[in-house]
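Q: Could you take a close look at the salt bridges in this one? I'd like to see who pairs with whom, and how open to the outside the partners are.

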Amino acid sequence: MTMIFHNPNCGTSRKTLALLRERGIEPTVIEYLKTPPSREELSELIAALGIPVRALLRRKESLYAELGVDDPKWSDAELIAFIAEHPILMERPVVVTPKGARLCRPAETLLEVLD
């Protein structure tokens, strides 16, 4: 099963979804702003991505600065809580396939987890 954590307002997210469909893959589309992942789901997703929690944070989002999320005092658990409470802080798109998970920035990163 393939899924994409998607924001339809994001050009990179739309491009990644189009790349999946061009390859005949109809993923489960999770509009994470409408259906945010839980803390547990985020922890599992970050582990699958193999990236630090901070790499999943959207630094360009104004809320990132407003909340002071860049402060090194925040633990991974606290950062995950920020994302769970404010899903707009999650960088996108994230794609999970049977071959693995990737933060698809740029969209072509998707190719790493496709057959």
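**Salt bridges up close**

A: Let's start with Glu26, which counts as exposed, since its relative accessibility is 56% and anything over 50% falls in that class. Keep in mind that this is a predicted model. The partner of Glu26 is Arg21: the two form a salt bridge, and their closest N and O atoms are 2.9 Å apart. Arg21 itself is partly exposed, because its relative accessible area is 42%, and the partly exposed class lies between 20% and 50%.

What's the idea behind such a pair? Side chains of opposite charge can pair when their charged atoms come close. How close is close enough here? The nitrogen of Lys or Arg has to be within 4 Å of a carboxyl oxygen of Asp or Glu.

With that cut-off in hand, look at Glu22 and Arg23. Their closest N and O atoms are 3.9 Å apart, so the pair counts under the 4 Å limit. Glu22 is exposed, at a relative accessible area of 59%, whereas Arg23 is partly exposed at 42% relative accessibility.

Next comes Lys34, which forms a salt bridge with Glu31; here the closest N and O atoms are 3.4 Å apart. Lys34 is exposed, with 66% relative accessibility, while Glu31 is partly exposed, with 27%.

Not every bridge has to be a simple twosome, by the way. Arg58, Glu91 and Arg105 are linked together in a network of salt bridges. Altogether, the count comes to seven salt bridges.

Now zoom out to see where these charges sit. The protein chain carries 15 positive and 17 negative charges, and the mean positions of the two sets are 6 Å apart. The accessible surface of the chain is about 6,200 Å², with 51% of that belonging to carbon and sulfur atoms. Of its 115 residues, 43% count as buried.

And the fold around all this? The chain has four helices and four strands, and from the N terminus they run β-α-β-α-α-α-β-β. Its radius of gyration is 14 Å, close to the 13 Å that the globule rule gives for 115 residues, so the chain is as compact as a globular protein of that length. Along the principal axes, the C-alpha atoms fill a box of roughly 45 × 25 × 20 Å. Finally, take the contacts between residues at least 6 apart in sequence: 60% of them join residues at least 24 apart.

Notes
Residues numbered from 1 in each chain as written. Predicted model: local features only at pLDDT ≥ 70, side-chain atom pairs only at ≥ 80, totals over all residues. Heavy atoms only, no water. Helix = DSSP H or I, 4+ residues; strand = E, 2+ residues; numbered from the N terminus. Rg over C-alpha atoms; globule rule 2.2 N^0.38 Å. Buried < 20%, exposed > 50% of the residue type's maximum accessible area, 1.4 Å probe, protein only. Contact = heavy atoms within 4.5 Å. Areas by Shrake-Rupley, 256 points an atom, 1.4 Å probe, with all protein chains shown as cover. Lys, Arg positive; Asp, Glu negative; His and termini not counted. Charge placed at Lys NZ, Arg CZ, Asp CG, Glu CD. Salt bridge = Lys/Arg side-chain N within 4 Å of Asp/Glu carboxyl O.
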